[in-house]
Amino acid sequence: MPRNRIIVPDTIVIHYSATPVEKDFSVGDIDAMHRQRGFNKIGYHFYITKDGTVHKGRDTVERGVEMGAHVRGHNDHTIGICYEGGVTLAQPHIGHDTRTAEQTAAMVALIKQLQRQYRIKKIVGHRDLGPTQCPGFDVKSWWASVTAPPAAQPELTLVERIIQWLTSILSRGR
Ligand SMILES: [Zn+2]
């Protein structure tokens with residue numbers, strides 16, 4: 001049973017762990033860090049490690065989720081997804097997108113699954129909701145590019161259509 005109250009999410013918030021991408025930071029490490037902060041368990045609902053594995057944090061139920069602790073003022077209507085990394089050893093205070101291809105693929109699949117399950121439309125980054133660099137990239141434009149429809153085939157011009165028609169007539173005559 002979840003230990004925190006159940007909320008109905010309408011938004012997914014993306015985070016990074018703010019740990020150097022060169023090092024490993026496990027879901028157990030996050031859990032321990034959050035307990036040290038006084039939370040009763042990991043504050044995120046999902047944690048995606050560099051290998052693309054999705055680890056469960058706070059509980060999810062069919063129509064809601066256990067309230068998380070990941071974004072001030074918005075925990076009562078959001079799901080928190082965190083990816084391992086976000087900074088480098090050389091620049092530990094500058095956040096940027098360090099996601100591996102595996103992490104990105106896992107994140108896309110997870111977001112789509114949660115969207116279906118909870119009918120969520122809004123996908124944002126932590127920095128869209130508060131003063132932080134987290135998650136190190138513009139989630140809204142990234143998600144728009146992920147979900148953009150494939151480019152439409154250009155229409156044939158009139159001249160191209162006439163050439164096509166003539167070619168078909170000529171090939172029939174052979
Ligand atoms: Zn964050």
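This report describes the fold of a single chain, with emphasis on strand β2 and its surroundings.

The structure is a predicted model, in which local features need pLDDT of at least 70, side-chain atom pairs count only at pLDDT 80 or more, and totals for chains, interfaces and linings use all residues. Residues are numbered from 1 along each chain as its sequence is written.

**Overall form**

The chain has 4 helices and 9 strands; helices (H or I, at least four residues) and strands (E, at least two) are DSSP runs, numbered from the N terminus. Along the sequence they follow the pattern β-β-β-α-β-β-β-β-β-α-β-α-α. The radius of gyration is 22 Å, whereas a compact globule of 174 residues would have a value near 16 Å. This radius is taken over C-alpha atoms, and the globule rule is 2.2 Å times the number of residues to the power 0.38. The C-alpha atoms fill a box of roughly 85 × 40 × 30 Å, taken along the principal axes.

**The sheet around β2**

An open sheet of 5 strands, with mixed pairing, has the order β5-β4-β7-β2-β9. Two strands pair if DSSP finds at least two bridges between them. Strands β5 (54-56) and β9 stand at the edges with a single partner strand each, so one side of each is left without a neighbour in the sheet. The two pairings of β2 (residues 11-16) are set out below.

| Partner of β2 | Bridges | Direction | Opposite residues |
|---|---|---|---|
| β7 (residues 78-83) | 6 bridges | parallel | Ile12 and Ile79 |
| β9 (residues 122-125) | 4 bridges | parallel | Thr11 and Lys122 |

In addition, Ile14 stands opposite Gly125 in β9. Helix α3 (residues 139-147) lies across β2 and β9 and runs at about 135 degrees to β9. Such angles run from 0 to 180 degrees between N-to-C directions, with axes fitted to C-alpha atoms, for helices over the stretch in contact.

**Burial and core**

Of the 6 residues of β2, 5 are buried, and 29% of the 174 residues in the chain count as buried. A residue is buried if 20 or more other C-beta atoms lie within 10 Å of its own, with C-beta atoms placed from the backbone. The largest nonpolar core has 24 residues, and those touching the most other members include Ile12, Ile81 and Met107. A nonpolar core is a set of buried Ala, Val, Leu, Ile, Met, Phe, Trp, Tyr and Cys residues joined through C-beta atoms within 7 Å. Not counting residues up to four places away in sequence, Ile81 touches several residues, among them Ile12, Ile14, Tyr44 and Leu110; a contact requires C-beta atoms within 7 Å.

Note on methods:
Buried ≥ 20, exposed ≤ 12 C-beta atoms within 10 Å, placed from the backbone. Contact = placed C-beta atoms within 7 Å.
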